[in-house]
Amino acid sequence: MGKPHALALPYPAQGHVIPLMEFSNCLAERGFKITFVLTEFIHKRIMTALSEDSDIKNQIHCVSIPDGMGPGEDRNQIGKLLECILSAMPGYLEKLIEKINESCEDKITCIIADENMGWAVKVAKKMGIPQAAFWPANACLRALLIRIPQLIESGVIDANGKTRKQEMIQLSSTLPVMDTTQLMWHCFDDPKLQQIIFHFVFTNNQAVKDADWLLCNSSYEIEPSAYSLNPNLLPIGPLLAGTRQRQLVGNFWQEDSTCLSWLNQQPACSVIYVSFGSFTVLEESQFHELALGLELTGHRFLWVVRPDLTAGQAATYPDGFQDRVAARRRIVSWAPQQKVLAHPSIACFITHCGWNSTMEGVSTGVPFLCWPYFADQFLNQAFISDVWKVGLRLNSDHNGIISREEIKQKVEEVLGNDNIRARALALKEMVKKSVSEGGSSMKNLNDLVEAMKGTR
Ligand code: UDP
């Protein structure tokens with residue numbers, strides 16, 4: 001019998017590629033051959049970011065297919081990208097699988113698709129290949145999304161996803177309240193775009209309904225009641241690459257690992273880590289206020305300033321800022337975040353609350369300061385500050401700005417709060433247990449691997 005051969009397909013965004021790449025690394029370690037399918041655009045970005053890192057031992061075979069947009073077109077035109085993905089990619093994927101199966105001894109034995117690429121489950125079914133759908137966010141949000149038909153029926157949203165009445169929904173008393181106006185398609189003002197995103201979410205959501213396996217990058221212990229609301233959903237996370245040596249992570253920007261040696265020189269629990277993930281864009285005025293806030297805290301800080309973090313042009317710092325804080329700051333354009341968060345010198349994490357960042361902070365026991373912008377980030381903030389109580393919210397002032405005084409005050413509060421730190425450490429232990437041998441996520445992962453191998 002040949003090797004089991006999994007084809008993995010992430011949605012083309014950083015926060016989707018990283019966890020699916022990690023899942024693929026887990027499968028590769030357990031004897032799977034992996035074909036990791038990226039869009040041509042993202043493949044090029046990852047290979048460019050990697051080009052100077054010759055040490056990487058890649059056990060994953062990355063290939064690419066077109067996303068349906070023209071080569072020079074702007075992928076930030078999200079509506080166009082989503083329409084192209086749905087119309088063009090199923091055909092390209094099918095052709096790719098046919099080609100692999102004709103030319104390769106180890107034929108594809110299962111397809112693992114990000115739920116946001118749920119259409120691929122249909123392609124797999126059509127071709128008679130077993131399929132798994134991978135949900136890269138929390139199970140609580142998924143529980144709401146699989147109830148879209150009921151939301152329509154009860155008049156909360158219309159058939160195009162448009163909110164008819166704002167509703168605060170709490171699916172269980174131990175889960176956060178969800179505001180229906182914060183669902184991902186409402187993050188844009190343009191009604192046409194809202195409709196396209198809603199259609200994309202709903203189409204994928206329906207397509208994965210009867211997938212062979214439904215997987216979630218979360219752990220049962222951190223949101224137990226969400227799993228009774230998601231029939232057949234298997235938590236297998238949080239999947240973190242942090243402990244691996246020199247394996248492909250899937251970064252879109254080149255990692256600046258010099259910040260780790262800088263961290264080595266700082267006292268324990270002394271550095272504020274600030275990162276807004278891959279997508280968030282700050283207004284210039286907010287960027288300046290954050291810089292002045294970090295200065296005002298008087299603490300050391302490591303700040304990720306992506307080349308596209310500020311709207312319009314490259315970031316400019318307040319006059320004299322860089323010199324005034326020179327002795328206690330490190331600014332990088334992309335950090336090895338999981339290693340940074342695991343470093344003993346990190347005291348707290350100012351985050352946009354993306355699910356991966358949330359899981360990474362939870363797994364390392366670092367207290368959070370929450371600064372959500374978009375989609376599920378508000379829900380993740382609610383988990384952090386209201387359910388697990390391992391962090392605090394940063395609140396905007398009447399001008400919609402998070403002020404330097406608010407930053408200083410909340411940093412003092414979170415660093416001075418022993419209860420938050422104790423809860424963060426307890427949560428870390430709980431999550432660590434679930435991904436260790438014998439733990440709930442690890443058991444699900446091992447069972448899944450056996451079941452997937454059985455389909456050969
Ligand atoms: N990340 C990183 N280096 C950085 C900033 C972010 O490696 O400097 C990684 C982070 O560890 C996480 C991912 O990028 O795995 C971001 O995913 P998340 O869900 O937190 O946010 P998104 O980018 O999807 O908004």
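Me: What does it take for two residues to be in contact?

Reply: Two residues are in contact if their C-beta atoms, placed from the backbone, lie within 7 Å. The model here is predicted. Leaving aside neighbours within four places in sequence, L369 is in contact with C348, I350, G391, L392, L394, K410, V411 and V414.

Me: Among contacts between residues at least 6 apart in sequence, what share joins residues at least 24 apart?

Reply: That share is 70% in this protein.

Me: Which residues touch the most other members of the largest nonpolar core?

Reply: A nonpolar core is a set of buried residues of the nonpolar kinds, joined through C-beta atoms within 7 Å. The largest one here has 125 residues, and A120, A133, L215, I272 and L369 touch the most other members. Helix 3 (residues 78-103) contributes seven residues, the most to this core.

Me: Why does this core lie between domain 1 and domain 2?

Reply: Domain 1 (5-237 + 435-453) and domain 2 (258-432) both give residues to the core, so it lies between them.

Me: How many residues does each domain put into the contact?

Reply: The centres of domain 1 and domain 2, taken over C-alpha atoms, are separated by 27 Å. The contact takes 20 residues from domain 1 and 19 residues from domain 2. On the side of domain 1 that touches domain 2, the elements giving two or more residues are helix 1 and helix 5 (139-145). Helix 1 gives the most to that side, with four residues. By class, the same side of domain 1 has twelve nonpolar, seven polar and one charged residues.

Me: Which residues are closest to the ligand?

Reply: A shell of 18 residues surrounds the ligand, and the closest are G15, G277, Q337, G354 and S357. At least two residues of the shell come from each of helix 1 (14-29), helix 12 (337-341) and helix 13 (355-364). Helix 13 gives the most, with four residues. Domain 1 and domain 2 each supply at least three residues of the shell.

Me: How do the residues of the shell around the ligand divide into nonpolar, polar and charged?

Reply: Six are nonpolar, eleven are polar and one is charged.

Me: How should the overall form be read?

Reply: Begin with the elements: the protein has 17 helices and 15 strands. The radius of gyration is 22 Å, close to the 23 Å that the globule rule gives for 456 residues, so the protein is as compact as a globular protein of that length. Along the principal axes, the C-alpha atoms fill a box of roughly 60 × 55 × 50 Å. Of the 456 residues, 45% count as buried.

Notes. Residues numbered from 1 in each chain as written. Predicted model: local features only at pLDDT ≥ 70, side-chain atom pairs only at ≥ 80, totals over all residues. Buried ≥ 20, exposed ≤ 12 C-beta atoms within 10 Å, placed from the backbone. Domains from an automatic or database assignment. Near = placed C-beta within 6 Å. Nonpolar A, V, L, I, M, F, W, Y, C, P; charged D, E, K, R; others polar. Rg over C-alpha atoms; globule rule 2.2 N^0.38 Å.
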